[in-house]
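Below are some notes for a colleague going through this structure, set out as numbered points. Please read them alongside the sequence and the coordinates.

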Amino acid sequence: KRNVREDHYTVVEGVPFAQFVRDIGGRVRLLKMDIEGAEVAILNRLLDEGLHDKIDQVFVEVHDRQNPSLAEPTRLLRNRLAALGAGHIRLDWR
């Protein structure tokens, strides 16, 4: 991206998102996700751990059109969401 410089950054401590959702202890009412291509991996982790059921509505901007390497993983995620009936997770937010 033109607005990102490799010589200008800040290092911060982080926590895996699945752990964050688990540690909340209650429900998440709304999740908006736009993390430049990492969405598929994070959503799959939430699904793997059953944490998607703790979130009421999820709006996700996926990047499969901008990054061809994400096309197949995103297609598989869409199929997985459909098979689970997880209609509260929408991958068409823009």
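1. In this predicted model, E61 has a relative accessibility of 17%, and because the cut-off for burial is under 20%, this glutamate counts as buried. E61 sits in the loop between β2 (55-60) and α3 (71-84), and, leaving aside residues up to four places away in sequence, E61 touches M33, D34, E39 and W93. One of these contacts, E39, is itself among the buried residues of helix α2.

2. As to confidence, the mean pLDDT of the protein chain is 92, with 98% of its residues reaching 70 or more. Among the elements, the lowest mean belongs to α1, at 95, and the highest to β2, at 97.

3. The protein chain contains three helices and three strands, which follow one another along the sequence in the pattern α-β-α-β-α-β. Its C-alpha atoms fill a box of roughly 40 × 30 × 20 Å along the principal axes, and 31% of the 94 residues count as buried. Of the contacts with a separation of 6 or more, 78% are accounted for by residues 24 or more positions apart.

4. Helix α2 (residues 39-48) deserves a separate point, with E39, V40, L43, L46 and L47 buried. These residues lie on the same side of α2, because they cover an arc of only 125° around the axis. Their cover includes α1, β1 (28-33), β2, α3 and β3 (89-90), whereas the face turned away from the buried side carries the exposed residues A41 and D48. After α2 comes G50, with a positive phi near 70°.

5. Eight salt bridges are found in a search of the whole structure. One of them joins D56 and R29, with the closest N and O atoms 3.1 Å apart; this pair links distant parts of the chain, D56 being in strand β2 and R29 in strand β1, 27 residues apart. D56 is partly exposed, with a relative accessible area of 24%, while R29, at 66% relative accessibility, counts as exposed.

6. Within helix α3, the side chains of R75 and E72 meet in a salt bridge with an N to O distance of 2.6 Å. The two are separated by about one helical turn, because they are three residues apart in α3. R75 counts as partly exposed at 40% relative accessibility, and E72 does so at 41%.

7. Two further sets of charged residues should be checked in the coordinates. R90 and D92 meet through their side chains in a salt bridge (3.0 Å, N to O); R90 is partly exposed with a relative accessible area of 38%, and D92 is partly exposed with 45%. R22, R45 and E49, for their part, are linked in a network of salt bridges.

8. On the surface, V15, F20 and I24 make a nonpolar patch of about 260 Å². F20 belongs to helix α1 (residues 17-24) and is partly exposed, with a relative accessible area of 43%. For the protein chain as a whole, the accessible surface comes to about 6,700 Å², of which 52% belongs to carbon and sulfur atoms.

9. A last remark concerns the loop between β1 and α2, where E36 lies, counting as partly exposed at 49% relative accessibility. The C-alpha atoms of E36 and Q66 are separated by 9.7 Å, although the two residues are 30 residues apart along the chain.

Terms used
Residues numbered from 1 in each chain as written. Predicted model: local features only at pLDDT ≥ 70, side-chain atom pairs only at ≥ 80, totals over all residues. Heavy atoms only, no water. Helix = DSSP H or I, 4+ residues; strand = E, 2+ residues; numbered from the N terminus. Buried < 20%, exposed > 50% of the residue type's maximum accessible area, 1.4 Å probe, protein only. Contact = heavy atoms within 4.5 Å. Patch = residues over 30% accessible without salt bridge, like charges linked within 9 Å, V, L, I, M, F, W, Y side chains within 5 Å. Areas by Shrake-Rupley, 256 points an atom, 1.4 Å probe, with all protein chains shown as cover. Salt bridge = Lys/Arg side-chain N within 4 Å of Asp/Glu carboxyl O. pLDDT = per-residue confidence, 0-100. Arc of directions from axis to C-beta.
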